[in-house]
Amino acid sequence: MQLHNTASGRKEPFVPQNPERVTMYVCGPTVYSYAHIGNARPAVVFDVLARLLRRRYPRVDYARNITDIDDKINAAAAKEGVEIGVITARFAAAYHEDLAALGVAPTDFEPRVTEHLPQIISMIERLIASKHAYAAEAHVLFSVASYPDYGQLSKRDPRELLAGARVEVAPYKKDAGDFVLWKPSPPELPGWDSPWGRGRPGWHIECSAMAEALLGDTIDIHGGGHDLVFPHHENERAQSTCAHGGAVFSRYWLHNGFLTMDSEKMSKSIGNVLLVREILKHAPGEAVRLALLTGHYRQPLDWNDEALADARRKLDRLYGALRDTADVAPATDAVAPDAFLAALDDDLNTPAALAELFELARALNKAESADDKARLRAQLLDAGSVLGILQADPAAWFSHSTAAGSVSNEEIDRLVAQRAEAKKARNFAESDRIRDELKARGILIEDSAQGTRWRSIN
RNA sequence: GGCUCGGUGGCAGAGUGGUGAUGCAGGGGACUGCAAAUCCCCGUACGUCGGUUCAAUUCCGGCCCGAGCCUCCA
């Protein structure tokens, strides 16, 4: 298996530190609002990676945090006049709902900042003791100058960062590039007691502390969106490495590319932020998931109506092959083909893996013997399970209707029966009229050897 | 300005130093009462200008265009 490591800028063979226990940490959401489709990409991508790793190794410890201490959360809570816990509980639950709809399996760990204050404080104390951090005016700052490797992950020149040309430098900072590990909280804001007074953790320290607590000093894989490379991951790396006496923090850094909306960056100022739950009102979660896996995870992905419609048609084809062989029990000993797994093993090449899936579907459509059908069907289902798709009942997929006020199943059955009568009487004008009527209402009729069937085209 | 990463057929999107994935759309055929689904066949695709090479879409360099990051945004 090969993975592209941001730290080296190359694909590298993936060799876990301990093959008995692979560890992966992915940066999760700050829960102050609903997840948008860009937030969903890393969740889906690293879900596929976790599935692949679980197939390869006996134990995978996958942690994805929920950040529940943050200034934006404070702002949202103040606006509603509630405790921050009200806000974070609401949006953490929404996040879970959205991910479940996208077929993202729960992670092994889901640490929260509010549950790790002692660990965070302990790590900051150790950084101060080792002179990698200093307290100043109720803040604690990480000293970038104390870590010569700073900037290596994001390929940035440390001197420039120390100079901080673009940044307004707080007076208590020794160097412009120093960043906050702990900051004071005024009485009206949430705060926690610490050796430096009542305050709250800075943005980056949480992930370092929680990864340490759950996965150890050195983790195998650290993932997140490409925008996190700097400063978030650069800072995490600095903190953790220094807190651990120089031990490597993450052996492989993986970053997914950004999502654009109709070729534009998704941003609140442009007003093109698309929430996962909005999309799910008009499209099956599985299609959203597949759309996110259509491109390679490191490439930018443009989100638009056509991309989603494309994903639905792909699933129509794949589920079509499964539906046509619904009477065949999958072989129990057949697994995803080597070519499919090899594609994923090559830095999670989902487009190439998908191509193998379509080859399987074609072979399954052509298969004549029961043995071939049973084998190919099992292979297709198993391959689908690695990508987290194709596990639903094909009949459910094709009857899935997202159009409001569509025809009831009873009415469809009645019209199909009427049409069958007309056909039997060779009254084709009438049977075609019924078919056209159903089509106009979003139902497509298909006559097959097994009888007439239908599917929703909305 | 600095640092990343891209520009592949109508669209999406892999990949490769020499036999041009895959899906959708499109054309032809088989099947069908007609369709749909399925199967078969069909595309002078690799931003641009140079260089290296027997051979470059694939390697190197310039240029043009696009995306992202440059201190709390996945």
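The following paragraphs describe a predicted model of protein chain A with RNA strand B, moving from the overall layout to the cores, the RNA surface and some local features of the backbone.

Chain A contains 16 helices and 15 strands. Along the principal axes, its C-alpha atoms fill a box of roughly 90 × 50 × 35 Å. Of its 458 residues, 50% are buried. Among the contacts in chain A with a separation of 6 or more, 74% join residues 24 or more positions apart. The chain is divided into domain 1 (2–256), domain 2 (290–398) and domain 3 (404–456). The centres of domain 2 and domain 3, taken over C-alpha atoms, are separated by 29 Å. Four residues of domain 2 and five residues of domain 3 take part in the contact.

The interior can be approached through its nonpolar cores. In soluble globular proteins, nonpolar side chains tend to be buried together. The largest nonpolar core here has 71 residues, and the members that touch the most others are Ile37, Trp303, Phe340 and Leu357. Helix H1 (residues 37–56) is the greatest contributor to this core, giving eleven residues. Because domain 1 (2–256) and domain 2 (290–398) both supply residues, the core lies between them. The surroundings of Ile37 give a closer view: leaving aside residues up to four places away in sequence, Ile37 touches Leu259, Met261, Met266, Leu274, Val276, Ile279, Val288, Leu292 and Trp303. A second core is separate and has 37 residues, including Leu127, Tyr150, Met210 and Leu215.

Phe340, named above in the largest core, belongs to helix H11 (residues 338–345), whose buried residues are Phe340, Leu341, Ala343, Leu344 and Asp345. The cover over these buried residues includes strand E1 (2–5), H1, H12 and helix H13 (370–387). Just after H11, Asp347 adopts a positive phi of about 55°.

The RNA comes next. Around RNA strand B there are 52 residues, of which Lys72, Gly225, Leu228, Asp432 and Arg435 come nearest. Of the atoms of RNA strand B that come within 4 Å of the protein, 60% belong to sugar and phosphate. Individual polar contacts involve several parts of the strand. At a phosphate oxygen, the partner is a backbone N or O atom of His296, 2.7 Å away. At a sugar or linking oxygen, a polar side-chain atom of Asn349 lies at 3.0 Å. At a base nitrogen, a polar backbone atom of Asp447 is 2.9 Å away. The elements that give two or more residues to this surface include H1, strand E9 (219–225), helix H10 (305–324), helix H15 (409–424) and helix H16 (428–440). Helix H12 (350–366) is also one of these elements, and H12 gives the most, with eight residues. By class, the surface near RNA strand B comprises 22 charged, 15 polar and 15 nonpolar residues.

Two loops show contrasting degrees of burial. Thr107 is located between helix H3 (84–101) and helix H4 (117–129). With a relative accessible area of 14%, Thr107 is buried. A polar atom of the Thr107 side chain lies 2.8 Å from the backbone oxygen of Phe109. Thr107 also touches Tyr62 and Arg64, when residues up to four places away in sequence are not counted. His282, by contrast, sits in the loop between helix H8 (276–279) and helix H9 (285–293), and His282 counts as exposed at 56% relative accessibility. From His282 to Asp327 the separation is 45 residues in sequence and 31 Å in space, C-alpha to C-alpha.

The last features concern backbone geometry. Most residues other than glycine have a negative phi, and most peptide bonds are trans. Ala138 is not a glycine, yet has a positive phi of about 70°. The loop that holds Ala138 runs between strand E5 (133–136) and strand E6 (139–142), and at 37% relative accessibility Ala138 counts as partly exposed. Lys155 likewise has a positive phi, near 55°. Lys155 lies in the loop between E6 and helix H5 (158–163) and counts as exposed at 53% relative accessibility. The peptide bond from Phe230 to Pro231 is cis, with omega near 5°, and Pro231 falls in helix H7 (residues 229–243).

Key
Residues numbered from 1 in each chain as written. Chains lettered and ligands numbered in written order. Predicted model: local features only at pLDDT ≥ 70, side-chain atom pairs only at ≥ 80, totals over all residues. Heavy atoms only, no water. Core = buried A, V, L, I, M, F, W, Y, C linked by side-chain atoms within 4.5 Å. Buried < 20%, exposed > 50% of the residue type's maximum accessible area, 1.4 Å probe, protein only. Helix = DSSP H or I, 4+ residues; strand = E, 2+ residues; numbered from the N terminus. Domains from an automatic or database assignment. Contact = heavy atoms within 4.5 Å. Near = heavy atom within 4 Å. Polar contact = N/O pair within 3.5 Å; in protein donor to acceptor, adjacent residues only side chain to side chain. Nonpolar A, V, L, I, M, F, W, Y, C, P; charged D, E, K, R; others polar.
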